Amino acid sequence: MFPETILYIVIAVVISLIISVFMYGYKSRYTGNLRWLFGALRFVTLFSILLLLINPKFKSETYTVVKPQLPIVLDNSSSITELGQTENVAQVLNALENSETLNERFDVSYFQFGNGFTAFDSLSFLENNTNISKAFSSINELYETNGVPLLLVSDGNQTLGEDYEFATRSLKGPVYPVILGDSTKYTDLKIQQLNTNRYAFLKNKFPVEAVLVYSGTGTKQSQFVINQGNAIVHREMVSFNEQDNTKTVSITLPASSVGLQRYTAQIVPLSDEKNKVNNLKRFAVEVIDQATNVLIVSKVLHPDLGMLKKAITTNEQRTVTFKKPSEAASVLNDYQLIILYQPDGTFSSVYQEIAKLNKNTFVIAGEFSDWNFINNAQELYTKEVTNQKENVSARLNLNYGTFAIDPIGFSDFPPLKSQFGELNVMVPHETILEQTVDGFGSGSPMLATIELNGTRHAIWDGEGLWKWRAQSYLRAKSFEEFDEFLGKMVQYLASNKRRSRLEVSSETFYYNNNPLKISAQYFDKNFVFDNRASVSISVVNTESKQRQVFPLLLKNNYYEVDLGSLDSGEYSYTVSVKDEEVARSGSFTILEFDIEKQFLNANISKLNRLASKTDGASFFPSEINSLIDTLVNDDSYRATQKSEQKVVPLIDWKYLLGLITLCLALEWFIRKYNGLI
């Protein structure tokens, strides 16, 4: 209790005593026991009231012992089965769970990883990817204190994510790898990597690049062969030795027919090879007979222009050409979409030709745009001219229904530069991004789309889009999210296809180790997105005729289904809406590729470097007891005593109020009983 509080209590006692003595001890009209009784009750009442006002507190301190934390992450990928390590994992797990000394010394937590990272439940070894860096980043988020050791039970073969050897910079403690696999070096030929375009244009050629790797002793020769069905489209001899153990084969193949073209690349196995699965890779190329040609017209040089080309051409079906306004008017008819970047008076002839040809447009305005000219050049939208600049941010309109948009963190992106004033769209339109200033909506659209008289248009009022793409990369470690968003914009604007009440988005082919997602949008008769519909997809394997039905789940302004459970093969599908005569059909192919079967050994050297970099140590399953002893005997991992200090009231105010009420009531009843009232 605080010293000043004790002083206040003493003063309260003195004051209560003085008042009580004065009232009932000095010239009191009461005599005998009544005087003492009334004085005592009045003293208790007054002291309780003063005590209630003082509200004395005291410190309560409790002590708890906190064990050092020990997260254990287990590899649940299928490569563990391929390397024959499932029994070793079970033995390691059993030894860790049953070690009394380890569990007494540490607060042990178990996790598992493959494609993602989850709390430990049970190991199936069916995950088709290994993302060790994801496990590291998740552990770093869960355990914020420094010096937390990490036990990694894995073969060290990663197929997804950032290189985990460099991801250790985010870890705060040592890593102790338990290496699943041996160091035996087998003779092996494999296709380490195969690169090709996803799309090719009819009557053109597309490149194929294969990285071939040899592991073994002596000089070996083999053939690299590419088949299309039963036909051999390429064959060449390759030779390897211990020093020259990597070959890169680069060829071009003709795109002679439209549609999905399937190929098989193979390095012919050696007679003494143990793993022949990694000698073969299947790939596919979709051959199309038409490309989307996009023209960007700009008078200024700006980083946004390079960003637009990068983002648009990530889809190889699209090409981007740059022209100055003086050069563009004569070639507009060669392009499906015209992007006008920061138009001014020099764009006059371009706007006139666009009106004649009924071309689709995408206007991006900024601080160099001439809104006096833009307002007069078209009749879709206007903006008041103030010649003042401002920084504007964006907020996604979740009710936008023209096409599906994922929320990729628009509100967290850096502000764009714009001219001050309200943008008024004077024709029916839909807003994708709403403009905000300092977190408050301005009532003005930043990005809107328009459909009018068979043409499609968009206006984006803000420059500096290159910053958004960079921020998207920092957020997702990939440009894919932002490029996909911009790609959907271009796909919508480059087409004049009549809008359907049910729009389905899918790929022609998927690899079975990648996500397989199909999305759809359903609109009511007024073409307003309907989020109450029951949408399902019926998938039929064209070979086995097996039919499966999956529901599509609502996700923002579209429906989506993940078909990752399907086996490789060819499928047809029908997306339908319950109680509505609306459906869309299509087909896709799942190509077999199990990257987890490409490994012969554990990546021992990399796991050893990982342990060395983090001041840990690596062990094999047979050395698990040594690992436990190392952790238990390490004095840097000690239990700590944690104290918690609380300041709590000495007396509950409810009891004091009750005591005051009781004293006053007793005094009243005694007075009444003795006829003093």
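**Exercise 1. Pairing in the five-stranded sheet**

Which residue stands opposite Q221 in strand 11? Place that pair in its sheet.

*Solution.* The model is predicted.

Step 1. Start from Q221. Its counterpart in strand 11 is S239.

Step 2. Look at the two strands. Strand 10 covers residues 220–228. Strand 10 and strand 11 run antiparallel, joined by nine bridges.

Step 3. Widen the view to the sheet. The sheet is open and has five strands, in the order 8-14-13-10-11. Its pairing is mixed.

Step 4. Find the edges. Strand 8 (199–201) and strand 11 (231–240) are the edge strands. Each of them pairs on one side only.

Step 5. Add the twist. With direction ignored, neighbouring strands of this sheet are turned by 25° against each other on average.

**Exercise 2. The three-stranded sheet**

Give the strand order of the open sheet of three strands, and explain what is special about its edges.

*Solution.*

Step 1. Read off the order. It is 7-9-12, and the pairing is antiparallel.

Step 2. Count partners at the edges. Strand 7 and strand 12 (246–254) each have a single partner strand, so one side of each has no neighbour in the sheet.

Step 3. Note the twist. From one strand to the next it averages 25°.

Step 4. Inspect one pairing. Nine bridges link strand 9 and strand 12 in the antiparallel sense. In strand 12, K247 stands opposite L212.

**Exercise 3. The second largest pocket**

Describe the volume, lining and chemistry of the second largest pocket.

*Solution.*

Step 1. Take the volume. The second largest pocket holds about 510 Å³ of space.

Step 2. Go to the lining. There are 23 lining residues, and K190, S215, L600, N601 and A602 are the closest to the centre of this pocket.

Step 3. Assign elements. Strand 7 (188–196), strand 9 (205–215) and helix 14 (604–613) each give two or more residues to the lining. The largest share comes from strand 9, with three residues.

Step 4. Sort by class. The lining of the second largest pocket has 11 polar, seven nonpolar and five charged residues.

**Exercise 4. Two cavities**

How many cavities of 30 Å³ or more does the structure hold? Set out the lining of each.

*Solution.*

Step 1. Count them. The structure holds two.

Step 2. Take the largest cavity. Its space is about 90 Å³. It is lined by 12 residues, of which I139, V148, L171, K172 and G173 are the closest to its centre. By class, the lining of the largest cavity has eight nonpolar, three polar and one charged.

Step 3. Take the second largest cavity. Its space is about 30 Å³. The lining consists of L396, N397, L398, I405, N556 and N557. Three of these are nonpolar, three are polar and none is charged.

**Exercise 5. Helices 8, 12 and 13**

Work out how each pair among helix 8, helix 12 and helix 13 is arranged, and which residues make the contacts.

*Solution.*

Step 1. Helix 8 with helix 13. Helix 8 spans residues 303–312 and helix 13 residues 480–493. Their axes lie 9 Å apart, at an angle of about 85°. Angles of 65 to 115 degrees count as roughly perpendicular, so helix 8 and helix 13 are roughly perpendicular to each other. M307, L308, A311 and I312 of helix 8 make the contact with F482, D483, L486 and V490 of helix 13. This contact has seven nonpolar residues, no polar and one charged.

Step 2. Helix 12 with helix 13. Helix 12 spans residues 465–476. The axes of helix 12 and helix 13 come within 7 Å and cross at roughly 135°. Helix 12 is therefore oblique to helix 13. From helix 12, L465, W468, R469, S472, R475 and A476 take part; from helix 13, E481, F482 and D483. The classes are four nonpolar, one polar and four charged.

Step 3. Helix 8 with helix 12. Here the axes come within 7 Å and cross at roughly 50°. Helix 8 and helix 12 are therefore oblique to each other. Helix 8 contributes P303, D304, M307, K310 and A311, and helix 12 contributes L465, W466 and R469. By class, the contact of helix 8 with helix 12 has five nonpolar, no polar and three charged residues.

Step 4. Trace shared residues. M307 and A311 of helix 8 touch helix 13, and M307 and A311 also appear in the contact with helix 12.

Note on methods. Residues numbered from 1 in each chain as written. Predicted model: local features only at pLDDT ≥ 70, side-chain atom pairs only at ≥ 80, totals over all residues. Heavy atoms only, no water. 1 Å grid on protein atoms, 1.4 Å probe; cavity = no way out; pocket = protein on both sides within 12 Å on 5 of 7 lines; lining within 4 Å. Points joined across faces, edges and corners; volume = space filled by probe spheres on them. Helix = DSSP H or I, 4+ residues; strand = E, 2+ residues; numbered from the N terminus. Nonpolar A, V, L, I, M, F, W, Y, C, P; charged D, E, K, R; others polar. Pairing = 2+ DSSP bridges. Axes fitted to C-alpha atoms, helices over the stretch in contact; angles between N-to-C directions. Parallel < 35°, antiparallel > 145°, perpendicular 65-115°, else oblique. Contact = heavy atoms within 4.5 Å.
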